[in-house]
Amino acid sequence: MEYTSLNNGVRIPVVGYGTWQVSPQEAYTSVRSALDAGYRHIDTAAAYENEAEVGQAIADSGIRREEVFLTTKLWNAVRGYEETLQAAKESMEKLRVEYLDLYLIHWPNPAPHRHRWKEANAESWKAMEELHESGAIRAIGISNFEVRHIETLLESAKVVPHVNQIRLFAGEQQRQLVAYCRNKGMVTEAYSPLGVGGILSNELIERIAEETKRTPAQVALRYNLQKGHVVLPKSVHRARMEENLRLFDFELDREQMIRLDALPNTISATRNPDEVPF
Ligand code: A2P
């Protein structure tokens, strides 16, 4: 595994196991398999409703807590200082851990708080900064934030988010946002790095898979890694989990990267966070 460093020095494995759309029923066995396959970075969220199973799987794996990088996220229903402290505590209880490696605000403009999203985020961020300061959370960040949401957060933030987790795959590189995040020293994490499976049958990805003698998933993930993103592929199948980890024994050359850079988004547009109905 390779690692990158957040701007507070915390090291993060560049491949994590994403648990969005891993049902509570599947989560326990999937996370056990992922840990067994070698994943040491697990990404969940309160909204995925699988924190308890994820926590049980980590506990039962026997792997030392400090060897697993664990992320969860504050759901949209919750905003406010006290409320956020409470939500973080509940997530840690469900996950059966004494600390989180990374805690993210899941969406910048939740429907229930839309009338005052700026204040709502500022209050939650203050709580997260304190949890970070106290050591209960090693790094704090955001997800689905666009430049305008980050600019607003930074008006009152003391800590610049360590991470922005956004939708990134070949064809959807959100270039302006990524450049902005880099400029602020944030690491970009790619969710749906396989386009929720959609780009695996893309002709160009398939062709480059043939050229490199790798699978389409490996090409898609390697592309995101070479763009400098942390990748969070999801699979409930052990063989695919392993495949998605084997990314460090090959490299896409300059010409292959350029062809992939030119790929249009063939999946779907990234949704506007100001209009999500949740
Ligand atoms: P499954 O969980 O049944 O293996 P993303 O990470 O972009 O959200 O994509 C996840 C989707 O891609 C899931 O439907 C997953 O299916 C599928 N998937 C994950 N890894 C692979 C792989 N190596 N080969 C084919 N499909 C994959």
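Gln-165 is placed in strand 8, which spans residues 163–167 (strands being DSSP runs of E with at least two residues, numbered from the N terminus). The structure is a predicted model, in which local features need pLDDT of at least 70 and side-chain atom pairs count only at pLDDT 80 or more, whereas totals for chains, interfaces and linings use all residues. Residues are numbered from 1 along each chain as its sequence is written, and side-chain values use heavy atoms, with hydrogens and water left out.

Gln-165 is buried, with a relative accessible area of 2% (buried meaning under 20%, with a 1.4 Å probe and protein chains only). The side chain of Gln-165 forms a polar contact of 2.8 Å with the side chain of Glu-189 (a pair of N or O atoms within 3.5 Å; within protein, one must be able to donate a hydrogen and the other to accept it, and residues adjacent in sequence count only if both atoms are side-chain atoms).

The ligand is surrounded by 16 residues, of which Leu-194, Val-196, Lys-234, Ser-235 and Arg-240 come nearest (a residue being near if one of its heavy atoms lies within 4 Å). The shell around the ligand comprises 7 nonpolar, 6 polar and 3 charged residues, with Gly counted as polar and Asp, Glu, Lys and Arg as charged.

Polar backbone atoms of Pro-193 and Leu-194 lie 3.3 Å and 2.8 Å, respectively, from an oxygen atom of the ligand, and a polar side-chain atom of Ser-235 is 2.5 Å from a ligand oxygen atom. Taken alone, the ligand exposes 560 Å², of which the protein buries 83% (Shrake-Rupley method, 1.4 Å probe).

Technical notes. Helix = DSSP H or I, 4+ residues; strand = E, 2+ residues; numbered from the N terminus. Buried < 20%, exposed > 50% of the residue type's maximum accessible area, 1.4 Å probe, protein only.
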